Amino acid sequence: TSVTHDSICAPATATLGATASPGNVVRWYTAQTGGSALAVGNTYTTPVLTNSTTYWAEAGSPTGGNPQSLMTTMAAGNSCGGGVMFDITPTVNLTIDSFYALALSAGAQSVNVYTRNGTFSGFETNAAAWTLVGTYSFTSATTTILINISSTPIVIPANTLTGIYLNYNSSYTNGTTTFSNADMSLATGTGLCSQFGGTNIGRMFNGTVFYRTGCVGTRVPVEAVVNPTPVITA
């Protein structure tokens, strides 16, 4: 991605530019990771600025970056403190940014997110078979918690079976089924009562997977520089 910065005198808008490789588009963001796109196109006109501001340009396929989601169930009915495992198989390249998950209680939450190449089944108690994506701590006023993993998104190529383990104090539902849409299928699942222990086979993850489809590149900073206002001393 090639970019064009802009320099202005405040207060004023700046016009930033970026060019993507053929067949791709440019999306504009306020942060290096996460968040929703401000605009799509080779130029972006900022709001009126009084201070220098960094924006971020991301090149990607026309479908890349479009927010999508797949919900399982929120029926609850059972719970335990070790979280839940399930499998995801996408039909397209996708990037998982976050999950909504039904916790056992509101308040302070700590969530460990793990993945593995291949199914979770048979590896529920084998910690060495999993890769830690990250640990996320926050406080929620409700039992529906947002696990935001935008700093380290989970990238899954098309047709690649991937196991997911959300290790938190979870609510889930008895039974097994597969939830799917045009982009992916999610096969449930096993509940756990401790980290990689206390397995309960036949449990459905309660929540939603939020993801983007298509391929995207690394975001590049684009500067809107606000020059100091000239002053005169009489």
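The questions and answers below go through aromatic pairs, strand pairing, nonpolar cores and one loop residue in a predicted model.

Residues are numbered from 1 along each chain as its sequence is written, and side-chain values use heavy atoms, with hydrogens and water left out. Because the model is predicted, local features need pLDDT of at least 70 and side-chain atom pairs count only at pLDDT 80 or more, while totals for chains, interfaces and linings use all residues.

Reader: How are the rings of Tyr-114 and Phe-196 arranged as a pair?
Author: Rings of Phe, Tyr and Trp (its six-membered ring) pair if their centres lie within 6.5 Å, and planes under 30 degrees apart count as stacked, over 60 as edge-to-face and the rest as tilted. The centres of Tyr-114 and Phe-196 are 5.1 Å apart and their planes stand at 70°, so this pair is edge-to-face.

Reader: How many residues apart are Tyr-114 and Phe-196, and which parts of the chain hold them?
Author: Strands (E, at least two residues) are DSSP runs numbered from the N terminus. Tyr-114 belongs to strand β12 (residues 107–117), whereas Phe-196 lies in the loop between β19 (184–194) and β20 (197–205). The pair therefore links distant parts of the chain, and the separation is 82 residues.

Reader: Which residues form one aromatic cluster with Tyr-114?
Author: The search of the whole structure finds 11 aromatic pairs, and both Tyr-114 and Phe-196 are buried (under 20% relative accessible area with a 1.4 Å probe, protein chains only; exposed is over 50%, partly exposed in between). The cluster that holds Tyr-114 is completed by Trp-130, Tyr-165 and Phe-196.

Reader: Which ring lies under the charged end of Arg-116?
Author: A charge sits over a ring if NZ of Lys or CZ of Arg is within 6 Å of the ring centre and within 35 degrees of the ring normal. Arg-219 is placed in this way over Tyr-29, 3.4 Å from the ring centre. For Arg-116 the distance to the ring centre is 3.7 Å, and the ring is that of Phe-123.

Reader: Which residue in β16 is the bridge partner of Val-113?
Author: Two strands pair if DSSP finds at least two bridges between them. β12 is antiparallel to strand β13 (residues 131–140) over nine bridges, with Gly-107 opposite Ser-140. β12 is also antiparallel to strand β16 (residues 162–167), over six bridges, and there the partner of Val-113 is Leu-166.

Reader: Which residues have the most contacts inside the largest nonpolar core?
Author: A nonpolar core is a set of buried Ala, Val, Leu, Ile, Met, Phe, Trp, Tyr and Cys residues joined through side-chain atoms within 4.5 Å. The largest one has 30 residues, and its largest share, four residues, comes from strand β11 (residues 94–102). A second, separate core of 15 residues includes Ile-8, Tyr-44, Tyr-55 and Val-226. In the largest core, the residues with the most contacts are Ile-96, Phe-99 and Ile-147.

Reader: Is Thr-72 buried or exposed?
Author: Thr-72 is found in the loop between β8 (67–71) and β9 (78–80). Leaving out residues up to four places away in sequence, Thr-72 touches Phe-179, Leu-186, Phe-205, Asn-206 and Gly-207 (contact means heavy atoms within 4.5 Å). Its relative accessibility is 10%, so Thr-72 counts as buried.
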